[in-house]
Amino acid sequence: MAISTPDAPRNRRFQLRATASEETLIKVAAERQGVSVTDFIMRSACEKAEQALSDQTRFVLDDKQWKAFMAALDGPPKEKPRLRRLFTESHVAQRRS
């Protein structure tokens with residue numbers, strides 16, 4: 001997933017609606033950081049998007065949880081009959097033809 005870089009042209013448009021107080025808040029924050037409103041909104045939105053995506057792919061474990069996790073990975077695989085049956089079935093597109 002590519003994230004905008006300073007060299008990449010911004011050629012896509014978002015249309016947003018905001019209340020007067022939201023607009024003021026964003027304008028003041030952008031001004032205090034010395035960036036344009038567009039840059040402020042894009043940086044903030046991208047940071048939030050990266051956080052939302054990382055929450056789905058990263059997790060933190062304490063020592064006890066880590067040891068249990070590693071033991072589960074190192075252990076022998078468990079037989080899953082329903083999963084085995086699923087992989088032996090023909091593809092859904094093949095069944096419909």
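Select Arg10 and Asp39 to begin the tour of this predicted model: the two residues form a salt bridge, in which the closest N and O atoms are 2.7 Å apart. The pair links distant parts of the chain, since Arg10 sits in the segment before α1 (20–33) whereas Asp39 belongs to helix α2 (residues 37–57), and 29 residues separate the two. If you colour by accessibility, Asp39 shows as partly exposed, with a relative accessible area of 25%.

Keep Arg10 selected and add Arg12, Phe14, Thr38 and Met42, because these are the residues that lie nearest the centre of the largest pocket, which has a lining of 14 residues. The space in the largest pocket comes to about 380 Å³. What classes of residue make up the lining of this pocket? By class, the lining divides into 8 nonpolar, 3 polar and 3 charged residues.

Now return to charged pairs. A search of the whole structure finds 3 salt bridges, and the pair of Arg10 and Asp39, already visited, is one of them.

For another, select Glu23 and Lys27, whose side chains meet in a salt bridge with an N to O distance of 3.2 Å. Both residues are in helix α1, where they are 4 residues apart and therefore separated by about one helical turn. Neither end of this pair is buried, because Glu23 is partly exposed with a relative accessible area of 40%, and Lys27, at 43% relative accessibility, also counts as partly exposed.

Then move to Glu79 and Arg84, which form a salt bridge with the closest N and O atoms 2.9 Å apart. Here both partners, Glu79 and Arg84, are exposed.

Next, display the aromatic side chains, among which the structure holds 2 aromatic pairs. Select Phe59 and Phe69: the ring centres are 5.5 Å apart and the planes stand at 80°, so the pair is edge-to-face. Phe59 lies in the loop between α2 and α3 (63–74), and Phe69 lies in helix α3, so this pair ties together parts that are 10 residues apart in sequence. Are these two rings buried or exposed? Phe59 counts as exposed, at 53% relative accessibility, while Phe69 counts as partly exposed, at 30%.

With Phe69 still selected, add Trp66, whose ring has its centre 5.8 Å from that of Phe69, with the planes at 40°, so that this pair is tilted. Trp66 and Phe69 are 3 residues apart in helix α3, and are therefore separated by about one helical turn. Trp66 is itself partly exposed, with a relative accessible area of 44%. With Phe59, Trp66 and Phe69 shown together, you have the cluster into which the ring pairs link them.

For the last stop, colour the chain by pLDDT, which averages 88, with 91% of the residues scoring at least 70. Which elements of the chain have the lowest and the highest mean pLDDT? Helix α5 (residues 92–96) has the lowest, at 68, and α1 has the highest, at 97. Where pLDDT is low, the predicted coordinates should not be read in detail, and what follows is best viewed with that caution.

Select Ala93, which has its place in helix α5 and is partly exposed, with a relative accessible area of 49%. Then draw a distance from the C-alpha atom of Ala93 to that of Val35: the two atoms are separated by 51 Å, and the residues are 58 apart along the chain.

Terms used: Residues are numbered from 1 along each chain as its sequence is written. Side-chain values use heavy atoms; hydrogens and water are left out. On a 1 Å grid over the protein atoms alone, a cavity is a set of points where a 1.4 Å probe fits but cannot get out, and a pocket is an open set with protein on both sides within 12 Å along at least five of seven lines; lining residues have an atom within 4 Å of a point. Grid points are joined across faces, edges and corners, and a volume is the space filled by probe spheres set on the points. Ala, Val, Leu, Ile, Met, Phe, Trp, Tyr, Cys and Pro count as nonpolar, Asp, Glu, Lys and Arg as charged, and the others, Gly among them, as polar. A salt bridge is a side-chain nitrogen of Lys or Arg within 4 Å of a carboxyl oxygen of Asp or Glu. Buried means under 20% relative accessible area, exposed over 50%, partly exposed in between (1.4 Å probe, protein chains only). Rings of Phe, Tyr and Trp (its six-membered ring) pair if their centres lie within 6.5 Å; planes under 30 degrees apart count as stacked, over 60 as edge-to-face and the rest as tilted. pLDDT is the predictor's confidence in each residue, from 0 to 100.
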